[in-house]
Amino acid sequence: KSSRSNQGEVHQETTFFTIITNRSTMKLLSLVSTLLAVGYAAAFAPSSNGARAVVSTNMAAAEELYIDEERRFLMNLILVGSGALTVGAIGVPYIAFFVPPGSGGGTGGVPAKDALGDDLFAQAYLESKPAGDRSLAQGLKGDATYLIVKEDKTLETYGLNAVCTHLGCVVPWSAANNKFMCPCHGSQYAPTGAVVRGPAPLPLALAHCDTAEDGKILFSPWTEEDFRTGGKGWWN
């Protein structure tokens with residue numbers, strides 16, 4: 001009996017130890033599994049620092065792009081402004097050359113001027129010139145223009161541009177020959193400016209000649225029919 005009793009106690013101790021060992025093993029396996037799961041999840045989870053770095057990089061790139069756009073706009077504005085100033089500086093005087101200056105009066109004419117640039121007054125001018133005189137004055141666009149004194153000692157209602165229509169020489173009046181005679185290539189014009197001998201192809205240009213209320217002699221553009229040819233003036 002004593003032997004059987006000892007064997008039973010040993011068997012009970014062995015069984016109890018086995019149960020304890022199995023439980024410890026299961027707990028250890030469970031702990032290891034939990035640790036492995038946590039490690040796996042941490043390994044594949046997105047990094048918050050990485051996300052912050054990406055966001056920061058994107059923001060910096062956007063800010064740099066915005067600054068570049070501002071600089072590009074400013075440079076384009078400066079370039080366009082410089083071009084406009086250059087074109088204006090060149091173009092305005094060129095256009096103004098073709099616009100006859102106004103006299104400041106209601107007639108819109110340009111005062112005839114002498115060689116010194118002084119305005120010419122009809123009364124004083126006629127007193128100093130003989131009948132039939134054709135003398136030069138500064139006219140439209142600064143061109144040399146003939147003032148014509150009629151036989152009754154009044155001014156003709158038109159002036160004659162002195163620029164030859166052949167090659168642009170200034171044509172002098174020859175009182176002895178009673179015509180305008182170009183010394184450059186021999187062109188000749190009648191007292192009215194009509195061509196009487198080539199190579200000039202066209203008559204001398206016309207301009208209206210009037211006297212203002214204050215007595216100044218005024219030139220203004222001739223836009224009507226050319227009475228010498230019966231057609232439109234070639235200078236219009």
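Guide: Let's start with a rule: two strands pair if DSSP finds at least two bridges between them. Keep in mind that the model above is predicted.

Visitor: What makes β1 and β10 a pair?

Guide: DSSP has to find at least two bridges, and β1 and β10 have two, in the antiparallel sense. So the rule is met, and they count as paired. In one of these bridges, Pro111 has Leu218 in β10 as its partner.

Visitor: How do you know that β9 and β10 pair?

Guide: Use the rule again: at least two bridges are needed, and five join β9 to β10 (residues 217–221), so they pair. These two strands run antiparallel. Here you meet Leu218 again, as the bridge partner of Asp210. Five residues sit between the strands of this hairpin, and Gly215 has a positive phi near 95 degrees.

Visitor: What makes β4 and β9 a pair?

Guide: Three bridges link β4 (residues 158–161) with β9 (residues 206–211) in the antiparallel sense. Since at least two are required, they pair too. For one of the bridges, look at Tyr158, whose partner in β9 is His208.

Visitor: In what order do the strands of the open sheet come?

Guide: Follow it across as β1-β10-β9-β4-β3-β2: six strands, with antiparallel pairing.

Visitor: Why are β1 and β2 called edge strands?

Guide: Each pairs on one side only, and that goes for β1 (110–111) and for β2 (134–138).

Visitor: Nice. On to charges: why is the contact of Asp119 with Lys113 called a salt bridge?

Guide: The side-chain nitrogen has to be within 4 Å of a carboxyl oxygen. The closest N and O atoms of Asp119 and Lys113 are 2.5 Å apart, so the pair passes.

Visitor: Is Asp119 buried, exposed or something in between, and how do you know?

Guide: Buried means under 20% and exposed means over 50%. Asp119 has a relative accessible area of 25%, so it lands in between and is called partly exposed. Lys113, at 23%, is partly exposed as well.

Visitor: What makes Lys216 and Asp119 a salt bridge?

Guide: Their N to O distance is 3.0 Å, and the limit is 4 Å, so they qualify. Lys216 lies in the loop between β9 and β10, while Asp119 is in the loop between β1 and α3 (122–128), so this pair ties together parts that are 97 residues apart in sequence. Lys216 has a relative accessible area of 22%, which makes it partly exposed.

Visitor: How many salt bridges does the structure hold?

Guide: Three. Another one is between Asp226 and Arg228, again at 3.0 Å from N to O. Asp226 has a relative accessible area of 1% and counts as buried. Arg228 is at 17%, which is under the 20% mark, so it is buried too. As for Lys113, Asp119 and Lys216, salt bridges with shared partners join them into one network.

Visitor: What makes Arg228 count as lying over the face of Phe227?

Guide: The distance part of the rule asks for CZ of Arg within 6 Å of the ring centre, and Arg228 is at 5.9 Å. Arg134 has a similar spot: its charged end sits over the ring of Trp173, 4.6 Å from the centre. Trp173 also belongs to an aromatic cluster with Tyr146 and Phe180.

Visitor: How do you know that Cys169 and Cys184 form a disulfide?

Guide: The two sulfur atoms must be within 2.5 Å. Here the S to S distance is 2.1 Å, so the link counts. The link of Cys169 and Cys184 is left-handed, with -115 degrees about the S-S bond. Cys169 lies in the loop between β4 and β5 (173–174) and Cys184 in the loop between β6 (179–181) and β7 (188–189), so the disulfide ties together parts 15 residues apart in sequence. Cys169 is buried at 17%, whereas Cys184 is partly exposed at 38%.

Visitor: Why is Cys164 in no disulfide?

Guide: The nearest cysteine sulfur, that of Cys182, is 4.0 Å away. The cut-off is 2.5 Å, so Cys164 and Cys182 don't count as a disulfide. Cys164 is buried, with a relative accessible area of 4%, and Cys182 is buried at 7%.

Notes. Residues are numbered from 1 along each chain as its sequence is written. This is a predicted model: local features need pLDDT of at least 70, side-chain atom pairs count only at pLDDT 80 or more; totals for chains, interfaces and linings use all residues. Side-chain values use heavy atoms; hydrogens and water are left out. Rings of Phe, Tyr and Trp (its six-membered ring) pair if their centres lie within 6.5 Å; planes under 30 degrees apart count as stacked, over 60 as edge-to-face and the rest as tilted. A charge sits over a ring if NZ of Lys or CZ of Arg is within 6 Å of the ring centre and within 35 degrees of the ring normal. Helices (H or I, at least four residues) and strands (E, at least two) are DSSP runs, numbered from the N terminus. Buried means under 20% relative accessible area, exposed over 50%, partly exposed in between (1.4 Å probe, protein chains only).
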